[in-house]
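Got the viewer open? Keep the selection box handy and follow along, stop by stop.

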Amino acid sequence: MDPKKILFVVIDGVSDRPIEGKTPLDSASTPNLDYLAKIGINGIMDTIAPGIRPGSDTSHLALFGYDPFECYSGRGPIEAAGAGIKLEEGDLAFRVNFGTVEGEGSVFDKTVVDRRAGRIDDTDDLVEAVRNIDLSKFGIDFVFERGSGHRGAIVFRGKVSDRVSDTDPKEMGLKVKRAKPLDESEEARITAEAVNYFMEEAHKILEKHPKNREREKNGLLRANVLLLRGGGKVRKVEPFEEKFGMKLAFITGTTLIKGIGKFIGADLIEVEGATGNKKTNLKGKFEAAVKALNDYDIVLLHIKATDELGHDGDFDGKMEFIQKVDREAEILKGLDFSKICLIVTADHSTPIKVRDHTADPVPVTIVHEGVRVDEIDRFSELVAYKGGLCRIRGIDLFNIVLDLTNRAKKFGA
Ligand SMILES: [Zn+2]
């Protein structure tokens, strides 16, 4: 018997809290998703646990069988993985922004006038120059990589502690922050010293870099500071293929989810025009996902804009985008469900009125040969609770899928 393939379609933040009884998903016309709900088994899901507001990162870890309480230690390590840094256990990782500071004196006396350095895009030369900083007197090494636009990631390696504070003030008009040790340990003190030394040296290098002189001449903001935030110590996880014996691919236009993919050892499939916003190439992404099932055991198709429109508080925009997703989801109806297990769900709710993630459970539909088809006939967070799955957690969903595809091991004799 051929091993069954698994396709996760995760529509980020698709579910909502009703406003006068209505939600964007429940109000949208979604004949294709409704059809899948009708031929599948349905339920609602707490991706982390009831009442816990999930991030997209922690919830995706849970959806792929990793307990976020065990393996998640902040955004830094995820962004660093996403930027292509090979992480080692015990590394201290931060997210980095190129920013602009003005004023006199040391970097910590200067004021942040832009946290994105005018949305600078070409940072290669600057990154290269900063790499020359030497932290060996602290017994610390570092790896610095750029991300998209003004973003990047840095990893400090050696006798480092994660008990140090960020240097990013997170608001314009404030001074750059000094990293402070957050406990009494020698490691925390030395790490904070090394980070502050790095901040100062990086500022000196960037301040006189020809690239910044050229930017200034062209009326652009200089990228003359690195702002560090989201620091966390890397906890290495067992790569997905070793842990579960399956080949995993992620299709996403979102840097954070790419980072999760790299963190757990997934292959990333790039789709042209997959932007992670509402202009994304949905058609291309759905086609790529179906095609990827030939080469992979398990594929994630992640769709982002529903979450963004929730953050924007845009009810109609969210509803319309859901309808676009539904049109492209037609391709899923043609899958052979005796060979493929399809899951349609979300990573969390992003309600219009809250404009942020909430713990309201998300709908989940599983379509596969042998599931106990229930009476649910549409894909909606308002009715899914009546389905045969009832209410499950994210980590349960992964176990259920392993069982349905005959990969689960017996517990006991
Ligand atoms: Zn979000």
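## Stop 1: a buried glycine

Select Gly232 to begin; it sits in strand β7, residues 225-233. (Helices and strands here are DSSP runs numbered from the N terminus, with helices being H or I of at least four residues and strands E of at least two.) What you have open is a predicted model, where local features need pLDDT of at least 70, side-chain atom pairs count only at pLDDT 80 or more, and totals for chains, interfaces and linings use all residues. Residues are numbered from 1 along each chain as its sequence is written.

Is Gly232 buried or exposed? It counts as buried, because it has 20 C-beta neighbours inside 10 Å. The cut-offs: 20 or more other C-beta atoms within 10 Å of a residue's own is buried, 12 or fewer is exposed, and anything in between is partly exposed, with C-beta atoms placed from the backbone.

Now add Leu92 to the selection. Its C-alpha atom is 5.6 Å from that of Gly232, although the two are 140 residues apart along the chain. Leaving out residues up to four places away in sequence, Gly232 touches Ser73, Gly74, Gly76, Pro77, Ala93 and Asp162. Touching, or being in contact, means that the C-beta atoms of two residues, placed from the backbone, lie within 7 Å.

## Stop 2: Ile154

Next, jump to Ile154 in strand β6. Ile154 has 27 C-beta neighbours inside 10 Å and so counts as buried. Show Phe94, Val96, Phe142, Phe144 and Leu228 around it: these are what Ile154 touches, not counting residues up to four places away in sequence. Try a distance to Phe144, which is 10 residues away along the chain; the C-alpha atoms are separated by 4.5 Å.

## Stop 3: zoom out

Show the whole protein chain, which has 14 helices and 13 strands. Its C-alpha atoms fill a box of roughly 70 × 50 × 35 Å along the principal axes. The radius of gyration is 23 Å, which agrees with the value near 22 Å for a compact globule of 413 residues. (That radius is taken over C-alpha atoms, and the globule rule is 2.2 Å times the number of residues to the power 0.38.) Buried residues make up 49% of the 413. Among contacts between residues at least 6 apart in sequence, 70% join residues at least 24 apart.

Colour by domain: domain 1 is 5-72 + 237-404, and domain 2 is 79-233. These bounds come from an automatic or database domain assignment. The domain centres, taken over C-alpha atoms, are 35 Å apart. How many residues of domain 1 are in contact with domain 2? There are 5, meeting 5 residues of domain 2. On the domain 1 side, the touching residues divide into 1 nonpolar, 2 polar and 2 charged. (Ala, Val, Leu, Ile, Met, Phe, Trp, Tyr, Cys and Pro count as nonpolar, Asp, Glu, Lys and Arg as charged, and the others, Gly among them, as polar.)

## Stop 4: two helix pairs

Select 75-82 (α5) and 255-263 (α10): the two helices pack at about 85 degrees, with axes 7 Å apart. That makes α5 and α10 roughly perpendicular to each other. Axes are lines fitted to C-alpha atoms, for helices over the stretch in contact, and angles run from 0 to 180 degrees between N-to-C directions. Under 35 degrees counts as roughly parallel, over 145 as roughly antiparallel, 65 to 115 as roughly perpendicular, and the rest as oblique. Residues in the contact include Pro77 and Ile78 of α5, and Leu256 and Phe263 of α10. By class, the contact has 6 nonpolar, 3 polar and 3 charged residues.

For the other pair, select 56-63 (α3) and 394-404 (α14), whose axes come within 7 Å and cross at roughly 30 degrees. α3 and α14 are therefore roughly parallel to each other. Ser59, Ala62 and Leu63 of α3 meet Gly394, Ile395, Leu397 and Phe398 of α14. This contact divides into 5 nonpolar, 2 polar and no charged residues.

## Stop 5: out in the loops

Go to Gly313, in the loop between α12 (305-311) and α13 (315-328). Gly313 has 14 other C-beta atoms within 10 Å, so it is partly exposed. Not counting residues up to four places away in sequence, Gly313 touches Ile352 and Arg355.

Step across to Arg355, in the loop between β11 (340-345) and β12 (362-367). Its phi is near 60 degrees, a positive value in a residue other than glycine. Arg355 counts as exposed, because it has 12 C-beta neighbours inside 10 Å.

Finish at Lys170, in the loop between β6 (151-158) and α7 (186-207). Phi of Lys170 is positive too, near 65 degrees.
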